[in-house]
Amino acid sequence: MKTNFYTILFSLSLISCAKTKKQEEPTLEMALPQKNGYALLIGMAKTDLPGYSNVFTRSARYNIEAMEKILLKNEFEKQCITKLHSPTADVIKLELQSQLIKLQEDDLFVFYFFGHGDQIPDTGIKDEKDYQDEVLITADRKLVDDEIYEILTSIKTRARVLFIVDACNSGSVYKLNLNFSQRFQPAYSIDYFESKQANEMELDFLYLGATQDGNYTTASASTSLFTSTIESVLKDKSFQGSYVDYFNNISQAMRYKKNFPTLYTGYTSPQFLNQQPFKIN
C-alpha cells in the first residue's frame with residue numbers, strides 16, 4: 001500500500017500550480033507559458049537530539065503560517081504549498097528532491113526552514129574554509145550541508161529557487177562555497193573536488209539566511225525576529241523593489257538586535273534578483 005500511496009501522491013503533485021485564468025480572447029501575453037509556484041515550508045518545533053531546547057522553537061507553526069500567507073498573497077496555490085512539522089532528516093531530503101525534480105524552466109520554488117542550526121567539524125574531505133560544516137537540526141539527527149548540496153546540484157533545470165533558512169549558523173547551509181586545500185587531505189580527495197567543480201549549480205538559486213555562520217539568531221517561544229521581519233517588510237505599503245532592496249530593508253530592521261542576515265547571489269541571474277520578492281510571474 002505504501003508504494004501505491006506515494007505513486008498517487010507524486011502524480012497529484014505534478015498538477016499545474018499556475019493560477020487558473022478565465023477563458024479570454026487569445027492575446028500575445030496569454031500565449032506565453034505560465035510559470036508555476038511551489039513551496040516547501042518546514043517548522044522544526046521539536047527535536048529529540050540532546051542540547052537543543054524545544055522552548056525557543058515553539059513558534060514554528062506561527063512562522064510557517066506567516067510564510068504561507070505571504071505565498072498565497074503572491075498567487076501561489078494552496079495545494080502547491082507543502083508544510084512539514086518536525087520531520088526527520090530523510091523526510092526533508094525526500095520531499096526536497098521530489099519538489100525540485102518536477103520544476104520546469106523559470107518555475108519558482110520556495111524552500112523555508114525554521115529551527116535550530118549548528119556547526120560541526122568538517123569531516124572527511126576538508127572543503128570548507130573554516131573546516132566547519134553547517135547543519136540543520138531535524139527530529140532525529142543533524143542534516144549536513146553536504147547532503148543539501150548534493151540534492152541541489154543534482155537538478156539540471158533552470159528553475160528559480162528561493163532558499164530561506166531561519167536558524168543559527170545559517171550563512172551557508174546550502175554549501176556552495178567550496179574551498180579546497182592540499183593539507184591533510186586523503187589521497188582520493190582530488191578526484192572528489194574535481195567532481196564537485198564539474199557538478200555546479202544549474203538552478204537559478206537565491207539564498208536568504210537569518211544570520212551568518214558562527215552566529216546566533218533571535219527567536220522566542222512566540223516569535224522569530226527573522227521571519228517576522230520578512231513578513232513586516234512586505235506588509236509595509238511603502239516597500240517596492242527587488243530582492244536586493246528587500247534584503248537591505250530586512251537587514252536594516254534587524255540591526256537594532258545585532259542580527260546580521262545573509263544574502264547569497266553567486267548563482268542568481270540578474271533577472272531573478274531584480275524581480276519583486278515571491279512573485280511567480
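Two strands count as paired here if DSSP finds at least two bridges between them. Keep that in mind as you walk through this predicted model.

**Stop 1: a parallel pair**

Select residues 160–166, strand β7, together with residues 204–209, strand β8. Six bridges join these two strands, and they run parallel. For a landmark inside the pair, show the side chains of F163 and Y207: F163 in β7 stands opposite Y207 in β8.

**Stop 2: the six-stranded sheet**

Now widen the selection to the sheet that holds this pair. Reading across, you will pass β2, β1, β3, β7, β8 and β9, in that order. The sheet is open, and its pairing is mixed. Colour β2 (81–85) and β9 (262–267) to mark the edges. Each of these has a single partner strand, so one side of each is left without a neighbour in the sheet. Turn the view to look along the strands: direction ignored, neighbours in this sheet are turned by 10 degrees against each other on average.

**Stop 3: the three-stranded sheet**

Next, pick out β4, β5 and β6, which form an open sheet in the order β4-β5-β6 with antiparallel pairing. Which strands stand at the edges? They are β4 (117–121) and β6 (142–144); each has a single partner strand, so one side of each lacks a neighbour in the sheet. The twist here averages 40 degrees from one strand to the next.

Zoom in on β5, residues 132–137, and its partner β6. Three bridges join them, and the two run antiparallel. Show L136 and L143 as sticks: L136 stands opposite L143, which belongs to β6.

**Stop 4: the helix across the strands**

Keep β5 and β6 on screen and add residues 145–153, helix α5. This helix lies across both strands and runs at about 50 degrees to β6.

**Stop 5: the second largest pocket**

For the last stop, switch on a surface and select N74, L234, K235, P277 and K279. Of the 15 residues lining the second largest pocket, these are the closest to its centre. The pocket holds about 360 Å³ of space.

Which elements give two or more residues to this lining? Select α3 (60–73) and α7 (225–235) to see them. Helix α3 supplies the largest share, four residues.

Finally, colour the lining by residue class. You will find five nonpolar, four polar and six charged residues around this pocket.

How values were computed. Residues numbered from 1 in each chain as written. Predicted model: local features only at pLDDT ≥ 70, side-chain atom pairs only at ≥ 80, totals over all residues. Heavy atoms only, no water. Axes fitted to C-alpha atoms, helices over the stretch in contact; angles between N-to-C directions. Contact = heavy atoms within 4.5 Å. 1 Å grid on protein atoms, 1.4 Å probe; cavity = no way out; pocket = protein on both sides within 12 Å on 5 of 7 lines; lining within 4 Å. Points joined across faces, edges and corners; volume = space filled by probe spheres on them. Nonpolar A, V, L, I, M, F, W, Y, C, P; charged D, E, K, R; others polar.
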